[in-house]
Amino acid sequence: MGIVATIVAPVAAASEVEAVYRQDGDRLWRALYAFAGDENVASDAVAEAFAQALRRGAAIRDVQAWVWRSAFQLAKGDLKRQSNLSRAPMPEGAFHDAHPDGQLLAALRGLTPQQRAVIVLHYYVDCPVREIARRTGINALAVRAHLSRGRKRLRVLLGDER
């Protein structure tokens, strides 16, 4: 019986990771692209987060939150390692919005990583504050503070100071 339980747990965990990938993979990539401004950083972070989730298996309690948090942390680490951010235009067909706003994507780069993450998750992925806190591991009060400061900074960066 112990052998069967040992085999079934990783299979169940892998199917849960696959379900999260099918449900959130594209949205996660787009959110990371908006966060990082670099398609390679977004692709690498998504792939590595899901690969790590598969390796960890049943040790992860909430796969969706863990993958989102890990992917943003991986992207943040990649950005730190890069000496300068890629300013390359978005690849054709990679973005699913009809009218991507290059000015907004450029302004997002002017925010702190935490502000950028919560703004992208709140406005682009349509997550409420509690869900952002769950996905990023940031306290809900800090999420609210980052949203407020990020909005103010975006208004300045976009020339809409009210």
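Me: pLDDT is the predictor's confidence in each residue, on a scale from 0 to 100. How many contacts beyond four places in sequence does the model have for residues 83–88, where pLDDT stays under 50?

Reply: Where pLDDT is low, the predicted coordinates should not be read in detail. This is a predicted model, and for residues 83–88 it has eight contacts beyond four places in sequence, with pLDDT under 50 throughout.

Me: Which elements have the lowest and the highest mean pLDDT?

Reply: The chain as a whole averages a pLDDT of 82, and 80% of the residues score at least 70. Among its elements, H1 has the lowest mean, 77, and H7 the highest, 94. Residues 3–9 fall below 50, and this stretch has zero contacts in the model beyond near neighbours in sequence.

Me: How many helices and strands does the chain contain?

Reply: The chain has seven helices and zero strands, and its pattern along the sequence reads α-α-α-α-α-α-α. Of the contacts with a separation of 6 or more, 70% are between residues 24 or more positions apart.

Me: How should the interior be read, and which residues have the most contacts inside the largest nonpolar core?

Reply: In soluble globular proteins, nonpolar side chains tend to be buried together. Here 41% of the 162 residues count as buried. The largest nonpolar core has 43 residues, and those with the most contacts inside it are Leu-28, Leu-32, Val-67, Phe-72 and Leu-108. Two or more residues each come from H1, H2 (39–56), H3, H4 (102–108), H5 (113–124), H6 (129–136) and H7 (140–157). The largest share, ten residues, is supplied by H1.

Me: With which residues is Leu-108 in contact, leaving aside its neighbours within four places in sequence?

Reply: With those neighbours set aside, Leu-108 is in contact with Ala-34, Arg-116, Ile-119, Val-120 and Leu-154.

Me: How are aromatic pairs to be read, and how many are there?

Reply: Two rings pair if their centres lie within 6.5 Å; planes under 30 degrees apart count as stacked and those over 60 as edge-to-face. By this rule there are four aromatic pairs. Trp-29 and Tyr-33 form a stacked one, with 5.5 Å between centres and 15 degrees between planes. Both residues lie in H1 (residues 2–36), four residues apart, about one turn of the helix. Trp-29 is buried at a relative accessible area of 14%, and Tyr-33 is buried at 3%. Phe-35 and Phe-72 form an edge-to-face pair, 5.1 Å centre to centre with 70 degrees between the planes.

Me: Which parts does the pair of Phe-35 and Phe-72 tie together?

Reply: Phe-35 lies in H1 and Phe-72 in H3 (residues 63–81), so the pair ties together parts that are 37 residues apart in sequence. Both Phe-35 and Phe-72 are buried, and ring pairs link them with Trp-68 into a cluster.

Me: Which charged ends sit over the rings of Phe-35 and Trp-68?

Reply: The charged end of Arg-116 sits over the ring of Phe-35, 4.5 Å from its centre. Over the ring of Trp-68 sits the charged end of Arg-135, 4.3 Å from the ring centre.

Me: Why is H6 described as largely enclosed by the rest of the structure?

Reply: Residues count as buried under 20% relative accessible area. H6 is largely enclosed because six of its eight residues are buried: Val-129, Glu-131, Ile-132, Ala-133, Arg-135 and Thr-136. Just after H6, Gly-137 takes a positive phi of about 80 degrees.

Conventions: Residues are numbered from 1 along each chain as its sequence is written. Side-chain values use heavy atoms; hydrogens and water are left out. Rings of Phe, Tyr and Trp (its six-membered ring) pair if their centres lie within 6.5 Å; planes under 30 degrees apart count as stacked, over 60 as edge-to-face and the rest as tilted. Buried means under 20% relative accessible area, exposed over 50%, partly exposed in between (1.4 Å probe, protein chains only). A charge sits over a ring if NZ of Lys or CZ of Arg is within 6 Å of the ring centre and within 35 degrees of the ring normal. A nonpolar core is a set of buried Ala, Val, Leu, Ile, Met, Phe, Trp, Tyr and Cys residues joined through side-chain atoms within 4.5 Å. Contact means heavy atoms within 4.5 Å.
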